[in-house]
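Trainee: Could you pick one part of this and take me through it closely? I'd like the cut-offs spelled out as you go.

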Amino acid sequence: MLLGTIADDYTGATDLANMLVRGGMRTVQLLGVPRESAPDADAVVVALKSRTIAPHDAVAQSLAALEWLRKAQARQLFFKYCSTFDSTERGNIGPVADALMSALGTDFTIACPAFPENGRTIFRGHLFVGDVLLSESGMKDHPLTPMTDANLVRVLQRQTARRVGLVRHDTVAAGDAAIRARFDALREEGTGIAIVDAVSDADLHAIGAACADLPLVTGGSGVAIGLPDNFRERGLLGAPERAAELPAVAGRAAVLSGSCSAATNGQVAEWLKSRPGFQIDPLRLAEGEPVAVHAIQWAEKRLPREPVLIYATAGPAQVKAAQARLGVERAGLLVETCIAEVARELVALGVRRLVVAGGETSGAVVQALGVTGLRIGPQIDPGVPWTMSLGEPPLLLALKSGNFGAPDFFPRALETVS
Ligand code: ADP
């Protein structure tokens, strides 16, 4: 394993995994602190949900992940957090970075959440979201991690006893040798963690090159753009175009949709124009009807011939009506539980290629199927790759959060792996 990474939330982990595959690293994402033996991969992303939990808990989970990654002999460690530096006054970016540094016995690392492709840039230590400072962006009103200070040196200094410093953009623009020299100078004057300016992908590549010998790098998925080249230059990485290859998986195909976003409603409508679908109605679930059983009986007849769609997706009026009757949470839970049961039964019927629409819905399905890890494959649409589950039986899963994908996403996704 070349790069061992720890991500502080699930979707952020997927984002990073995608970035590493784009950089030519064969990447596996593991859900939670891993217990299994290390998979064959260039990079492993351990996905935690540690962003807003108590700092001591976040530290404990991160250290457990680190221990596993070190046993798997990862050459370099990467701690991934959000590109808007989502954290509270107490952490968890500072406490986790501190603990990882101590465990690795290193006295210097960087903190760089920049992701210019997504409008996150850092200049003179200040984080911009699009054209405004972080503290003027929507993040100032975030319910869990309100970001009211755009000066990252100050923000991070409140979370750590180590001295926080800055590598300014003029140094970054001068290239990786200049950045490395600045790292040495900062380290000499006692700085433990350096915020690094970055406004372009070229900056991220230079920063990545300068970090080649750091035991630990911390940042958003943007800074991971520059890391694969370090391994490639040392002859440790294979051909980049093979990184996204997944083995062929024979079996039946289905789509499960629990997202009610505009994009997903469009995708469901497009599918139903020419293909079979079964609708799950939360009101029937609430009445105790065995909807999952009916869905499976319906699917069993069709699956030998063609892929099926089973969906709870509905327009805003229908969703509101169900929520008014059942409550938002109960409606959601009824649907998620039903879709999870359907997923298990579909796999029992030989389904091996499964597209799932909806973030929460995907979480429920993955949990119901007992999936603990995903090998990242080729991209279907931006931000949505095919993945293959570790363990038996291997399943091809495309997990799409609500608003992603073009109208023909479902059939196109299935065609790319048929
Ligand atoms: P997205 O990624 O679009 O946010 P999620 O799966 O995360 O999709 O969330 C959608 C939520 O809406 C889930 O909790 C799901 O169970 C719920 N849901 C799905 N269909 C309906 C419906 N017809 N009425 C009410 N709630 C629904």
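Mentor: Let's do the place where the two domains meet: the centres of domain 1 and domain 2, taken over C-alpha atoms, are 33 Å apart. Domain 1 covers residues 3-233 and domain 2 covers 252-415, with bounds from an automatic or database domain assignment. Keep in mind that this is a predicted model, where local features need pLDDT of at least 70 and side-chain atom pairs count only at pLDDT 80 or more, while totals for chains, interfaces and linings use all residues. Numbering starts from 1 along each chain as its sequence is written, and side-chain values use heavy atoms, leaving out hydrogens and water.

Now the contact itself: 12 residues of domain 1 touch 12 of domain 2 (heavy atoms within 4.5 Å). Together they bury about 960 Å², 53% of it from carbon and sulfur atoms (accessible area, 1.4 Å probe, lost when the two parts are put together, summed over both). On the domain 1 side, Asn 18, Gln 29 and Leu 31 lose the most area, together 44% of what that side buries.

As for charges, the rule finds zero salt bridges across the interface (a Lys or Arg side-chain nitrogen within 4 Å of an Asp or Glu carboxyl oxygen). What you do get is five residue pairs in polar contact, both partners at pLDDT 80 or more (N or O atoms within 3.5 Å, one able to donate a hydrogen and the other to accept it; residues adjacent in sequence count only if both atoms are side-chain atoms). Helix 1 (10-22) and strand 2 (27-31) each supply at least two residues of the domain 1 side, and strand 2 gives the largest share, five residues (DSSP runs numbered from the N terminus: helices are H or I, at least four residues; strands are E, at least two).
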